[in-house]
Amino acid sequence: MSHPPEQDLALYATKDLTFFSRLSVSRHVRTCQACAEALHDYREITADLALSEPEIPDWDNLAGEMRANIRLGLEAGACVPSVAPAPAVSWFNPRLALAMASLMFLLGAGIILRPDQPKPVPTVVASQQQSVKVDTEGVTITNVFYME
Ligand SMILES: [Zn+2]
């Protein structure tokens, strides 16, 4: 006859065993006197634990301990000399400077290397003897000059 493990008996006593394990342990306990006694002991222990009330913490005592610990930590921190001064915050960031320089370079290259825009070619729309009409993209310029 193989006995169920002690932990299964303990879990059975607290009704925390799975369904099939519970069936198996229940069947075994009915036929095995040793396991029935062990189960009885576990049930008594469980009942004793359930009867004992949970300890209510003394909040004032806990608060006093926490204050003392905080004070101790602050004093310990004050005793230790600071190893290194905090690094000075600088406005200069080499990475940012490099990024800005790259951006400026790209902008300059874009301006310098941009494709040439076609310049408007003036076309003579009408020519009279004493005046010239020049049309540059919709704008008509009329020059009047007098010739002797
Ligand atoms: Zn047994």
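What covers the buried residues of α2? In this predicted model, the cover over those residues includes the helices α1 and α3, and the close-up views below take up this helix and its surroundings.

**View 1. Helix α2 and its buried residues.**
Helix α2 is built from 13 residues, and the distance from its first C-alpha to its last is 19 Å, which is close to the 18 Å expected at 1.5 Å a residue. The buried residues of this helix are V25, S26, H28 and V29, and α1 and α3 are among the elements that cover them.

**View 2. The zinc ion and its four donors.**
The zinc ion is coordinated by the ND1 atom of H3, the NE2 atom of H28 and the SG atoms of C32 and C35, at 1.9 to 2.4 Å. Along the chain, these donors follow the spacing H-x24-H-x3-C-x2-C. Because the angles that the four donor atoms subtend around the zinc ion run from 102 to 116°, the arrangement is tetrahedral. For comparison, ideal angles at a metal with four tetrahedral donors are 109.5 degrees.

**View 3. H28 and C32, two of the zinc donors.**
H28 has its place in helix α2, and its relative accessibility is 11%, so this residue counts as buried, the cut-off for buried being under 20%. Leaving aside residues up to four places away in sequence, H28 touches M1, S2, H3, P4 and C35; of these residues, H3 and C35 also coordinate the zinc ion. C32 likewise counts as buried, because its relative accessibility is 6%.

**View 4. The largest nonpolar core.**
Ten residues form the largest nonpolar core, namely L9, Y12, A13, L17, V25, V29, C32, C35, A38 and L39. The elements that each give two or more residues to this core are α1 (6-13), α2 (19-31) and α3 (33-51). In soluble globular proteins, nonpolar side chains tend to be buried together. The cysteines C32 and C35 belong to this core, and their SG atoms also coordinate the zinc ion.

**View 5. L9 and the residues it touches.**
When residues up to four places away in sequence are not counted, L9 touches P4, V25, V29, C35, A38, L39 and Y42. Among these contacts, V25, V29, C35, A38 and L39 are, like L9 itself, members of the largest nonpolar core.

**View 6. T18 in the loop between α1 and α2.**
T18 is found in the loop that lies between α1 and α2, and it is exposed because its relative accessible area is 51%, the cut-off for exposed being over 50%. The C-alpha atoms of T18 and D8 are separated by 9.6 Å, although these two residues stand ten residues apart along the chain.

Conventions
Residues are numbered from 1 along each chain as its sequence is written. This is a predicted model: local features need pLDDT of at least 70, side-chain atom pairs count only at pLDDT 80 or more; totals for chains, interfaces and linings use all residues. Side-chain values use heavy atoms; hydrogens and water are left out. A nonpolar core is a set of buried Ala, Val, Leu, Ile, Met, Phe, Trp, Tyr and Cys residues joined through side-chain atoms within 4.5 Å. Buried means under 20% relative accessible area, exposed over 50%, partly exposed in between (1.4 Å probe, protein chains only). Helices (H or I, at least four residues) and strands (E, at least two) are DSSP runs, numbered from the N terminus. Contact means heavy atoms within 4.5 Å. Donors are N, O and S atoms within 2.8 Å of the metal (3.2 Å for Na, K and Ca); water is not among the atoms, so sites may look incomplete. Four donors count as tetrahedral if all angles lie between 85 and 135 degrees; four count as square planar and six as octahedral if opposite donors are over 155 degrees apart and all others between 65 and 115; anything else is irregular. The expected span of a helix is 1.5 Å times one less than its number of residues.
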